Structure formats: C-alpha cells, structure tokens
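Me: I would like a close look at a single part of this structure, namely the salt bridges and the residues that form them. Please describe them in one connected account.

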Amino acid sequence: MSPSVRLQEMIRVIRGARTQGEERGVIQRECAAIRAQFRQADNGTRSHNLAKLLYVHMLGYPAHFGQVVNSALKIVIMYLVSTALFITSQSSRNCVQILATWGMFMNLIVMTLTFQAALCAVHMVRKVPELGELFTPAARSLLSEKNHGVLHGAVVLITELCERNPDTLEQFRKAVPELVLMMKGLVMSGYSPEHNVAGISDPFLQVRILRLLRILGRNNDTASDAMNDLLAQVATNTDSSKTAGSAVLYETVLTVMDIKSESGLRVLAVNILGRFLLNNDRNIRYISMTSLQKIVQTDHNAVQRHRGTIVDCLKDQDASVKRRALELSLALVSAVNIRSLMKELLLFLSSCPPELRAHTTSGIFNAAERYAPSQRWHIDTILHVLTTAGGDVRDETVPNLIQLITTATELHCYTVHKLYRALITDISVQSLVQVACWCIGEYGDLLLRGECEETEPVQVTEDDVLDALETVLQSHMSSPATRGFALTATMKLSTRITHNVDRIRSIVSIYGSCIDVELQQRAVEYNALFKKYDHMSPSLSSTAPGPASSTAGGDLLDLLGGLDVTPGETHTTAERGKEMDGGRDGVKYQLFWNEHICTPPSVTVYEKNGVTLKLQTDTQTDTGMTVTLTATNSTDGDITGLTLQAAVPKSVQLQMKAPSGDVIPAHGLGQVTQTVLLNNPNKVGLHSVSSWSPHACAHPQWTKN
C-alpha cells in the first residue's frame with residue numbers, strides 16, 4: 001500500500017489548517033494510515049512513513065508507536081552509535097581495535113547504514129583526529145555512489161578530514177573535477193520528486209559540496225580555476241525566491257569570496273548579496289549585510305553600487321538589521337559621497353534607537369574628520385550632531401571641536417553666531433553648551449559687532465550675552481563642568497565689553513561661596529584677578545591664538561586652564577593647560593596636539609615654595625611626542641618621593657621611562673628628570689599630574705603629599 005499522501009502534501013495541509021482541531025484531525029488520520037502500513041509490513045513505504053513521523057514528533061504529537069523493529073539493522077546501527085560514544089571515553093588505541101569492521105560497514109548494501117557509518121566516522125575524527133587517515137580511502141570511494149544520502153555523508157566526512165589534516169587536503173584536491181561534475185549534475189538535473197525542495201534539487205547536498213569546494217580552492221590557483229565556471233553557473237541558474245535557493249546562493253557567494261576567483265565572478269557574488277537585501281526575510285537581509293561588511297574593503301566599488309539599498313535598510317524595524325546597515329553605511333563613506341551619505345546618516349540619527357546613538361555619532365565624527373570637504377561643513381556637521389544627540393557623544397568631542405574652531409580663523413564670526421543661537425534655543429545639551437560658552441568667551445567681541453558675512457547677522461547686546469551665560473550658570477540642567485565653562489566665559493567677557501563690567505564682577509563673586517569646590521576655586525581666583533591684578537586682565541583674558549599665528553614668546557594664563565606659548569621665531573603655537581590642584585602641591589598639565597606645532601622651548605609649569613617644575617618637548621610628530629619633566633629644589637632641605645603620573649584616554653599609548661631619581665637636592669644642587677613617550681593618533685588632550693612627598697625636607701611647612 002502506498003502512503004496516503006506525500007510528506008510535502010501533508011506539511012502543506014497541516015500548515016493550511018485554520019484551527020488546532022483541524023490540524024489534530026489531519027495528524028490523526030495520517031498516523032492511522034501509518035499504523036496500518038506497519039501492520040502489513042510494507043517495507044517499501046517505511047522510509048516515507050518515518051519521515052512523516054519525524055515531522056509529527058517535531059510538532060509535539062506522540063509518534064512513539066513508529067519504532068522500527070528490524071533486528072539486524074537495529075543491531076548494526078546501535079553498534080555504530082556505541083562506537084561513537086565509546087570514542088568519547090576511551091583512548092584512540094581502543095578505537096583502532098574496533099575499526100576492523102569498518103570495511104564491512106562500507107560494503108553493506110543498505111545505503112542508509114552506509115550513511116550512518118559515514119556520520120559515525122565524522123564523530124570519530126572529531127574526537128580523535130589522528131584516526132582520519134584510516135577513513136581516507138573509504139571516504140574517497142564513497143564519492144562514486146549514486147545515493148544522495150551516502151554522498152552527503154561522504155562529503156561531510158571529507159570536509160572534516162580536509163579541515164584537520166593539510167596532507168589530506170592536498171590529496172582530495174585531486175577530486176575537485178569529480179565534485180564539480182557532481183554539482184553540475186545537481187544544478188542541471190530535471191525535476192526529481194525524491195530530492196526536490198522548493199524547486200531546488202537536493203539543496204542540502206549542494207550546500208555541502210560548495211562548502212567542501214571552498215576549503216579545497218582556498219589559496220590554490222589550480223583548484224580555483226577548476227570551479228570558476230561551475231560557480232558562475234550556480235549563481236546564474238539558481239532561483240533565489242525560495243529559502244532553499246537562497247541558501248545555495250549564499251554558500252556560492254562565500255565560496256567565490258574565499259577562493260582565488262575571477263574579478264567578474266566576485267562582482268556577480270556582490271550583486272547576489274545586493275539582491276538578498278531586497279528579500280522580505282530579515283534573516284537573509286542580515287546575513288547579506290554581514291557578508292558585504294567583510295568584503296567592503298577589498299571590493300569597495302562593487303559594494304558601493306548597492307549603497308541606496310543599504311541605506312534603505314536603516315529604516316528597518318528590526319534592531320539587528322538596523323545596526324548592521326549602520327555599520328555598512330559608515331564603511332561606505334568616502335570623499336566622493338560624503339555629502340549625500342552624511343545626509344542620510346544625520347537623518348537616521350534623528351530617529352535611531354537610543355542604543356545606537358553613541359555608535360552613530362562616533363561613526364559620523366570619524367567620517368567627517370577623514371573626508372570633510374571644508375572646515376565649515378565639518379563644523380556644521382558636528383554642531384548638527386550635538387544638537388540632535390549631544391548627550392551620546394564621546395568625551396573628547398568638546399576639546400576636538402574647540403580645536404577645530406580655533407584652526408578655522410575665517411569662520412570664527414560665523415561659528416560664534418551659530419553657537420549663540422543654539423545656546424539661547426536649548427541649554428539641555430551639555431556638550432553643545434560647553435562649546436558655545438567657550439566660543440562666546442573667546443570671540444564675544446565678534447558676536448557683539450553683529451557683522452557676519454557667512455550668516456544672517458543678529459543684533460546682540462552685552463546684556464543679551466550675559467543673560468544667556470547667567471541662565472546656564474543658574475540652570476539645574478547644567479553640570480559642574482558646564483558651569484565652569486560659563487563662568488570662565490563670563491570672566492573673559494570683562495575685557496570684551498565696556499558697560500557691564502560691574503555685572504560680571506557681581507556674577508563671579510556670587511560663586512565664591514559655591515558648594516562645588518572646583519567652581520568656588522575658579523570664582524575666588526577670578527575675584528583675586530579683579531582686585532589685585534586688574535591691570536593684567538587684558539592679557540590674561542586674551543583670545544587663544546590659532547596654530548598659524550605669530551606673537552612674541554611668553555607665558556599667558558589661559559582662563560580655561562591653558563598656557564599659550566608662542567615663540568615668534570618658530571611661528572607656531574603650543575596650547576597647554578595648567579591648573580593648581582587644590583588638595584596637594586601638584587600640577588596638572590594639558591597637552592593639545594596640532595599638526596602644525598613645532599617643538600616649543602622649555603616651559604615652567606610650576607614654581608612655588610622653592611620647587612620648580614619644567615616640561616620640555618624634545619621631539620614631536622603628528623601623532624607622537626617625547627616630553628621630559630625636570631624638577632629642581634631651591635629650599636634648604638632635600639625633597640623626596642617625586643613621582644610623575646599621567647592620565648590618558650584609551651586611544652593614547654603611554655610609555656614612562658624610569659626617573660633619574662626620587663630625591664631633589666636642596667639649594668638647586670641637582671635635578672630630577674623623567675622622560676615620557678606618547679603616541680596619540682587621535683590628537684586628544686592629555687593631562688599629567690606631578691606630586692611629591694618631602695619626608696626629608698627640613699622646613700616644617702612642607703607637609704602636603
């Protein structure tokens with residue numbers, strides 16, 4: 001008796017059931033028919049019935065009644081399974097003793113048993129790789145079989161042998177023509193009900209053969225040439241509308257990319273991945289973008305043709321697809337498409353999930369830094385990102401943008417007007433507010449003039465500017481660092497305005513009793529400048545010069561915590577930071593990289609209580625610097641325990657040489673030096689801290705560490 005319905009038909013009817021009761025009825029009828037055939041001992045339909053029972057079991061329905069009682073076949077299969085289990089717990093020597101019967105298994109007429117024997121051999125090789133050479137001759141002979149199950153087991157076994165033994169790999173490279181013929185037969189064969197899956201002839205065997213060809217053709221010109229035509233044939237004749245066809249095509253693409261294939265074939269593989277991007281299945285779109293991500297560096301132009309489809313995937317609802325599309329879009333940015341692609345990325349940033357914002361902003365900043373067509377475009381892009389997702393940017397964004405604005409001398413007026421408008425619109429984005437306050441403090445005079453050719457001029461009064469800064473200082477949304485920027489900007493405006501100096505002094509004096517220690521310290525220092533050093537205010541609050549400026553050399557205190565040293569003879573500027581640590585006799589020193597900076601002279605960064613610290617930049621490149629710290633002591637007693645500590649971001653490599661000593665002799669009779677090597681490819685700001693403990697000092701006032 002033939003089966004009531006074929007497996008495919010049964011699956012179709014079950015999937016089409018509208019209710020669970022209808023599905024249960026279909027399964028009960030099929031199970032009844034299978035029981036009847038088992039009672040009649042109809043061996044011709046047993047394999048079909050077993051397949052249907054497996055599907056019924058996968059659906060969760062009972063299928064235990066279908067156990068096959070075939071004593072001879074059952075005993076042999078149990079022997080193979082016990083052999084595989086025996087491998088897991090015994091040594092390879094014991095395994096060899098039971099392999100004498102392997103030839104018997106391979107010569108059995110029952111093809112199902114041969115397939116099981118091949119899979120058993122795979123498990124043996126995985127557990128004991130040195131047994132692989134025992135199975136090589138038998139595995140080679142199995143390629144001549146016609147049964148697809150046996151061929152599948154043989155290909156899996158050969159794949160395992162080739163992956164674990166280079167000698168076996170070379171041996172099976174001679175079988176590439178045979179594998180190619182086998183694959184061509186599957187691709188060009190007509191309809192076969194026994195092996196057809198969604199219009200593809202045995203896609204499982206095709207995938208296994210392609211995977212083996214990829215291993216055999218890797219780093220081998222002869223094997224790669226032998227399979228180029230086949231791969232082109234598979235790529236053009238396989239229907240990708242069904243999942244089975246997509247699986248075969250995906251394996252084909254991986255094989256093309258892994259072997260030494262022709263350039264035209266690689267372009268064809270990229271186009272297949274491009275078609276996958278249009279598939280409704282999100283899993284297929286995801287694996288397509290994952291594959292494109294791996295080859296975008298080597299086949300950039302081919303991948304670039306599918307940029308529009310990739311950008312459309314940014315709108316996908318699936319988070320994993322959206323993340324992969326973002327990574328691939330950032331990898332496609334170049335000097336040619338920076339403007340158009342950046343528009344899409346900025347549009348995506350405005351609506352992307354919170355978990356992707358940090359990655360998106362970081363990628364946009366890196367792309368803008370590498371391919372910015374102009375400084376104005378670069379500044380506008382960063383300001384747009386800060387306005388959209390300022391809370392998710394990296395910590396070094398603020399100093400990097402400040403450095404960019406400083407170098408763009410002709411855009412100072414445009415930038416300060418744009419930042420002022422952003423400041424009075426929204427003060428919740430801390431990074432944007434910090435840059436705006438810094439820019440107003442440095443270029444407030446350009447803002448008050450109301451003359452700007454780059455943008456529509458805005459008439460701003462002194463009171464308007466001070467109102468904006470005072471709003472930042474009083475806002476509960478402002479962080480301590482943001483208030484520090486605003487207070488410093490207010491102080492600097494005292495030399496750029498004429499009618500509101502008293503108001504500035506009043507604002508600064510209020511924060512002399514602030515609960516925040518850092519802000520209080522700044523306010524006290526600024527009040528001291530107003531009272532004792534008012535004649536120095538124009539110099540102390542002067543605008544930080546750009547990298548190409550040239551002024552007389554000197555040490556001017558930057559109220560943002562910087563020290564400007566501009567040797568006239570070198571026509572360069574080194575921007576450094578220097579601020580006293582309120583809790584100990586130490587000094588923080590900040591270094592800003594600039595590609596135009598030359599080696600500056602020795603700079604005194606600390607001079608107090610008889611101790612003098614100097615920093616000397618010995619050598620400097622675009623991304624590297626060698627700095628030497630020199631400490632001298634003019635007191636009557638030696639100072640011991642000198643240490644140099646450096647805090648750098650993760651992107652900076654720091655190497656500290658051993659100091660020449662840890663004791664600074666009294667009366668200036670000696671000095672202690674230490675060399676620091678810095679590798680700073682991203683040119684971010686660095687801070688170093690020097691501290692000492694004068695345990696041997698004769699003066700009682702030295703009590704701090």
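Reply: A residue is called buried when its relative accessible area is under 20%, exposed when that area is over 50%, and partly exposed in between. The model under discussion is predicted. A salt bridge is taken here as a side-chain nitrogen of Lys or Arg within 4 Å of a carboxyl oxygen of Asp or Glu, and by this rule the count comes to 22 salt bridges. As a general matter, side chains of opposite charge can pair when their charged atoms come close.

One of these pairs joins Asp380 to Arg376, with 3.8 Å between the closest N and O atoms. Both residues belong to helix α22, which covers residues 375–389. They are four residues apart, about one turn of the helix. Arg376 has a relative accessible area of 31%, so this residue falls in the partly exposed class.

A second pair lies within a helix as well. In α29 (residues 517–532), Arg522 and Glu518 are four residues apart, which means that about one helical turn separates them. Their side chains meet in a salt bridge at 3.5 Å, N to O. The two partners fall into separate accessibility classes: Arg522 counts as buried because its relative accessibility is 18%, whereas Glu518, at 38%, counts as partly exposed.

A further salt bridge is formed by the side chains of Arg394 and Glu396, at 3.8 Å from N to O. Here Arg394 is partly exposed, because its relative accessibility is 27%. Glu396 has a relative accessibility of 25%, so this residue is also partly exposed.

Beyond these pairs, salt bridges also link several residues into a network, whose members are Asp463, Asp467, Glu470 and Arg503.

For context, two other parts of the model may be set beside the salt bridges. Helix α2, residues 20–39, has 20 residues and reaches 29 Å from its first C-alpha to its last, close to the expected 28 Å. Among its buried residues are Glu30, Cys31 and Ile34, and the buried residues of α2 pack against α1 (7–15) and α3 (46–58).

The other part is an open sheet of five strands in the order β7-β8-β9-β14-β12, with antiparallel pairing. The edge positions belong to β7 (603–608) and β12 (653–656); each has a single partner strand, so one side of each is left without a neighbour in the sheet. From one strand to the next, the twist averages 20 degrees. Within this sheet, β8 (residues 611–620) and β9 (residues 624–633) run antiparallel and are joined by nine bridges. Leu613 has Ala631 as its bridge partner in β9.

How values were computed. Residues are numbered from 1 along each chain as its sequence is written. This is a predicted model: local features need pLDDT of at least 70, side-chain atom pairs count only at pLDDT 80 or more; totals for chains, interfaces and linings use all residues. Side-chain values use heavy atoms; hydrogens and water are left out. Helices (H or I, at least four residues) and strands (E, at least two) are DSSP runs, numbered from the N terminus. The expected span of a helix is 1.5 Å times one less than its number of residues. Buried means under 20% relative accessible area, exposed over 50%, partly exposed in between (1.4 Å probe, protein chains only). Contact means heavy atoms within 4.5 Å. Two strands pair if DSSP finds at least two bridges between them. Axes are lines fitted to C-alpha atoms, for helices over the stretch in contact, and angles run from 0 to 180 degrees between N-to-C directions.
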